Amino acid sequence: MTRADDHVDADAHKDTEAGASENTLESYDPSSGALVAVVADMEAAAVSDTVVVARGAATWWAAQGFNGRRRHLTAWRKYMAAHSTEIIALIHRENGKPEPDAALELMLTLEHISWTAKNAGKVLGSQRRRTGLLTANFAARVDHIPFGVVGVIGPWNYPLYTPNGSIATALAAGNAVVFKPSEYTPAVAQWYVEAFARANPAAPEGILQIVTGGPAAGEALCTSGIDKLAFTGSAKTGEKVMATCARSLVPVVMELGGKDAAIVAADADIDAAAESIAFGAMGNAGQTCVGIERVYVERVVRERFLAALRRELDNVTPGDRPGASYGPMTMPSQIDVVRSHVSDAIERGADPVLGGLDSIGDRYIEPIVLLDPPHSAAAVQEETFGPTVTVTTVDSVDEAVELANDVRYGLAGAVFSRRHGLEIARRIDAGQVSVNSVLGFAAIASLPLGGRGASGFGRIHGPEGLHEFTRPRALAIQRFALPVNLLSLRRPGWLDRLLPRLIRWLYSH
Ligand code: NAD
């Protein structure tokens, strides 16, 4: 398996106690290389069996209604809060991020479960719709029907918060869920799934299940009979997942990578902007889909901004000790991507005003700031996913907006300006934009999350996310018969002759 190959030269295939051969995969602590967990590397047949169990549970789960589901989701949320120290320690060990960051991730996860449990009924309850003059004898309604079984494939960078955005929303909307976590963080996922069952011992098996494995298990999930797939991961994998799902017309939500820009306008609070951007760029070792990877700063405030950013980053160091600013690179192969982006940018004229190639170690990367790389550099155009940021000098906000939008990604962004923040934010072509902050949208559970272009499509979180996990069923209910019935083969001839006049009367003015 990829994870094992990255960390140790070990044979990942083990024999089970029963003697039957079962493939396994290991997860490792990215700080020390120590083994964290051994899980099954499930084959396609086992993945399909899980979906069959989910199908059985889906009917029961849908029948619980919004109130019943809210009780189960609330019990789950309370269980996780009560056992928070366990999961915080596990996230730290398996993903590598410092415990306080893991705690923040848990908090945001629970906030989203809370919101979705409370609001699903309000958002998805059956709605009355107005009818028109031609259908005045009808009542009209729209119901929001769960798909049935939703498959969720997740990444490792926020092993709880990110997949939860799809899972909690899909569950609250009435679907059973089968979750295939990243091969880098299966133990965190297992704890999260087991927490649901522990918190709801009377509920039938199969409402929320896990399937473990690498890409093959993910591919198997796409073709196992699920009714919808929510994928979170890289754009490259997203393309493959879409192609697999297309074979059986499984609809998809795609939450993919980003190359988010921050714009620092001349009227910004420069110290506050530098503080937020330092966090947005380096937090979680830069392994954040909505992290800041590019900054566009107006020339008149550039020197002040660079000085403030350096001050912010001077004492920022990665490590495994308490108080470390961020952890190691969770996926060792990403270190090569970071190195190639940094070296390409420097070779092509970027000034490494903080750090440089020497900042890149075997497991940890110190903060790197690259000034004025060419716009075509990989460090500007492609997701770096490390603790690096480019800073580009611009002569106007117009130029900043143009450059910020000129990449294939469109996940999120940030704008720093005292007077024009909202106005500039509305010109950023991305799914979500923070004004005078970074990542604010991720903590507001009522906001949708999603991207455009290579960042994907569809939405999770908020009312839009709840709608994503249901399909509408339109209902037209005839309350009484009219003397003349337009929807009949026995329509009288005089009515047919009247239709052109009726059209002119109704629609020509
Ligand atoms: P990845 O694309 O390598 O893997 C994601 C998941 O897809 C894993 O579970 C993996 O096993 C599975 N997978 C791989 N190949 C597959 C295939 N052919 N068929 C089915 N499943 C397959 O991504 P990653 O490295 O785990 O995560 C990092 C990426 O995720 C970054 O690009 C990051 O920006 C993105 N991300 C996006 C969001 C968002 O909300 N938009 C959130 C977090 C992370």
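This passage walks through the overall build of the chain, three of its helices and a few individual residues.

The structure is a predicted model. The chain holds 17 helices and 21 strands. Its radius of gyration is 26 Å, close to the 23 Å that the globule rule gives for 509 residues, so the chain is as compact as a globular protein of that length. Along the principal axes, the C-alpha trace spans about 85 × 70 × 40 Å. Of the 509 residues, 55% count as buried. Contacts across the sequence are plentiful too: among contacts with a separation of 6 or more, 71% join residues that are 24 or more positions apart.

The surface and the charges can be described in the same spirit. About 22,100 Å² of the chain is exposed, and carbon and sulfur atoms supply 54% of that area. There are 48 positive and 57 negative side chains, with the centres of the two sets 16 Å apart.

Helix α7 is a good place to begin a closer look. This helix covers residues 186-199, and its 14 residues should span 20 Å at 1.5 Å a residue; the end C-alpha atoms are indeed 20 Å apart, which agrees. Ten of the 14 residues are buried, so α7 is largely enclosed by the rest of the structure. Among the buried residues are the aromatic side chains of Trp 191, Tyr 192 and Phe 196, along with Val 188, Val 193 and several alanines.

Helix α4 passes the same length check. The twelve residues from 84 to 95 should span 16 Å, and the end C-alpha atoms are 16 Å apart, which agrees. The buried residues of α4 are Ser 84, Ile 87, Ile 88, Leu 90, Ile 91, His 92, Glu 94 and Asn 95. An α-helix has 3.6 residues a turn, so residues three or four places apart point the same way. Within this helix, Ile 88 counts as buried at 13% relative accessibility. Leaving aside neighbours within four places in sequence, Ile 88 is in contact with Glu 99, Ala 102, Ala 103 and Leu 106. By contrast, Ile 167 lies 79 residues from Ile 88 along the chain, with 19 Å between their C-alpha atoms. Just after α4 comes Gly 96, whose phi is positive at about 100°.

What covers the buried residues of helix α9? The helix itself runs over residues 235-247; its 13 residues should span 18 Å, and the end C-alpha atoms are 19 Å apart, which agrees. Its buried residues are Ala 235, Gly 238, Val 241, Thr 244 and Cys 245. Their cover includes α8 (215-222), β9 (228-232), β10 (252-255) and β16 (409-410). Just after α9, Leu 249 has a positive phi of about 50°.

Positive phi values turn up in loops as well. Ala 285 has a positive phi of about 55° although it is not a glycine. Ala 285 sits in the loop between α10 (270-282) and β12 (292-298), and is buried, with a relative accessible area of 0%. Leu 439, another residue other than glycine, has a positive phi near 65°. This leucine belongs to the loop between β18 (432-435) and β19 (452-453), and is buried with a relative accessible area of 18%.

The loop between α10 and β12 also contains Gln 287. Is Gln 287 buried or exposed? With a relative accessible area of 1%, Gln 287 is buried. Leaving aside neighbours within four places in sequence, its contacts are Trp 156, Asn 157, Tyr 158, Pro 328, Met 329, Thr 330, Met 331 and Phe 385. Tyr 192 is 95 residues from Gln 287 in sequence and 21 Å away in space, C-alpha to C-alpha.

One last loop residue is Tyr 364, located between β13 (351-354) and β14 (368-371). Tyr 364 is partly exposed, with a relative accessible area of 22%. Not counting residues up to four places away in sequence, Tyr 364 touches Ser 31, Pro 318, Gly 319, Asp 320, Gly 327, Pro 328 and Ser 359. The C-alpha atoms of Tyr 364 and Ile 335, 29 residues apart along the chain, are separated by 8.6 Å.

Technical notes
Residues are numbered from 1 along each chain as its sequence is written. This is a predicted model: local features need pLDDT of at least 70, side-chain atom pairs count only at pLDDT 80 or more; totals for chains, interfaces and linings use all residues. Side-chain values use heavy atoms; hydrogens and water are left out. Helices (H or I, at least four residues) and strands (E, at least two) are DSSP runs, numbered from the N terminus. The expected span of a helix is 1.5 Å times one less than its number of residues. Buried means under 20% relative accessible area, exposed over 50%, partly exposed in between (1.4 Å probe, protein chains only). The radius of gyration is taken over C-alpha atoms; the globule rule is 2.2 Å times the number of residues to the power 0.38. Contact means heavy atoms within 4.5 Å. Accessible areas come from the Shrake-Rupley method with a 1.4 Å probe; for residues, only the protein chains shown count as cover. Lys and Arg count as positive and Asp and Glu as negative; His and the chain ends are not counted. The place of a charge is taken as NZ of Lys, CZ of Arg, CG of Asp or CD of Glu.
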